[in-house]
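Subject: Structure handover

Hello,

Here is the structure I said I would pass on. Please look it over before reading my notes below it.

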Amino acid sequence: VCGSGNDDIDVTLTKGHVTIEAGDGKNTIAVDATGTDTRAGNVDIECGTGGDIIDVTFTKGNIDIEAGSGLNEIAVVTTVGNVGIECGSDKDVIDVTFTTGDIDIAAGDGMNAITVEETIREV
């Protein structure tokens with residue numbers, strides 16, 4: 001849990017759940033290689049206003065990202081599980097690549113650039 005101000009948060013090779021709560025300010029958050037065949041967990045990220053850069057890569061589990069207003073850059077790559085992304089007003093850049101599961105993206109007012117690529121839904 002972080003207060004207001006700019007925070008730089010890196011989480012690498014985690015087994016279990018990741019919960020990150022960052023306050024206002026320009027936060028840079030990276031969760032990398034979380035979850036493999038033997039590692040699984042959920043990632044929950046919540047940020048205040050100010051514009052945030054959030055990267056979640058190679059995660060097995062559910063991802064829930066809530067970013068407040070500000071220019072947010074959010075990238076989710078090779079995720080197995082469900083992805084939920086919610087952003088406030090202002091311009092947001094959201095990329096979700098190669099996801100197995102359900103995707104729910106809610107972006108507020110502003111000029112949003114949203115890309116969902118090679119998304120596979122297992123039956």
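What follows covers the strands, then the core, then the cysteines.

Please keep in mind that this is a predicted model.

Open sheet. Six strands pair in parallel to make an open sheet, in the order S1-S3-S5-S7-S9-S11. Its edges are strand S1 (8-12) and strand S11 (113-117), each of which pairs on one side only. Ignoring direction, neighbouring strands in this sheet are turned by 0° against each other on average. One of the pairings is that of strand S3 (residues 27-32) with strand S5 (residues 52-57), parallel and held by 6 bridges. Within it, Asn27 lies opposite Asp52 of S5.

Strand S6 and its partners. S6 spans residues 63-67. S6 is joined to strand S4 (residues 43-47) by 5 bridges, and the two run parallel; here Ile45 faces Ile65 of S6 across the pairing. S6 also pairs with strand S8 (residues 83-87), again in the parallel sense and over 5 bridges, with Ile63 opposite Val83 of S8.

In a regular strand, side chains alternate between the two faces of the sheet. On S6, the covered face carries Ile63, Ile65 and Ala67, while Asp64 and Glu66 are on the uncovered one.

Core. The largest nonpolar core has 22 residues, and those touching the most other members are Ile45, Ile65, Ile74 and Ile85. Ile65 is thus a member of this core as well as part of the covered face of S6. Apart from neighbours within four places in sequence, Ile65 contacts Ile45, Ile54, Val56, Ile74, Val76, Gly84, Ile85 and Glu86. That list includes Ile45, the residue opposite Ile65 in the pairing of S4 with S6.

Cysteines. How many disulfides are there? The count is 0, with a cut-off of 2.5 Å between cysteine sulfur atoms. For Cys2, the closest cysteine sulfur is that of Cys47, 9.0 Å away, which is too far for a bond. For Cys47, the closest cysteine sulfur is in turn that of Cys2, at 9.0 Å, so no bond forms there.

Are these two cysteines buried or exposed? Cys47 is buried, because its relative accessible area is 7% and the limit for buried is under 20%. Cys2, at 27% relative accessibility, counts as partly exposed.

Regards

Note on methods. Residues are numbered from 1 along each chain as its sequence is written. This is a predicted model: local features need pLDDT of at least 70, side-chain atom pairs count only at pLDDT 80 or more; totals for chains, interfaces and linings use all residues. Side-chain values use heavy atoms; hydrogens and water are left out. Buried means under 20% relative accessible area, exposed over 50%, partly exposed in between (1.4 Å probe, protein chains only). Helices (H or I, at least four residues) and strands (E, at least two) are DSSP runs, numbered from the N terminus. Two strands pair if DSSP finds at least two bridges between them. Axes are lines fitted to C-alpha atoms, for helices over the stretch in contact, and angles run from 0 to 180 degrees between N-to-C directions. A nonpolar core is a set of buried Ala, Val, Leu, Ile, Met, Phe, Trp, Tyr and Cys residues joined through side-chain atoms within 4.5 Å. Contact means heavy atoms within 4.5 Å.
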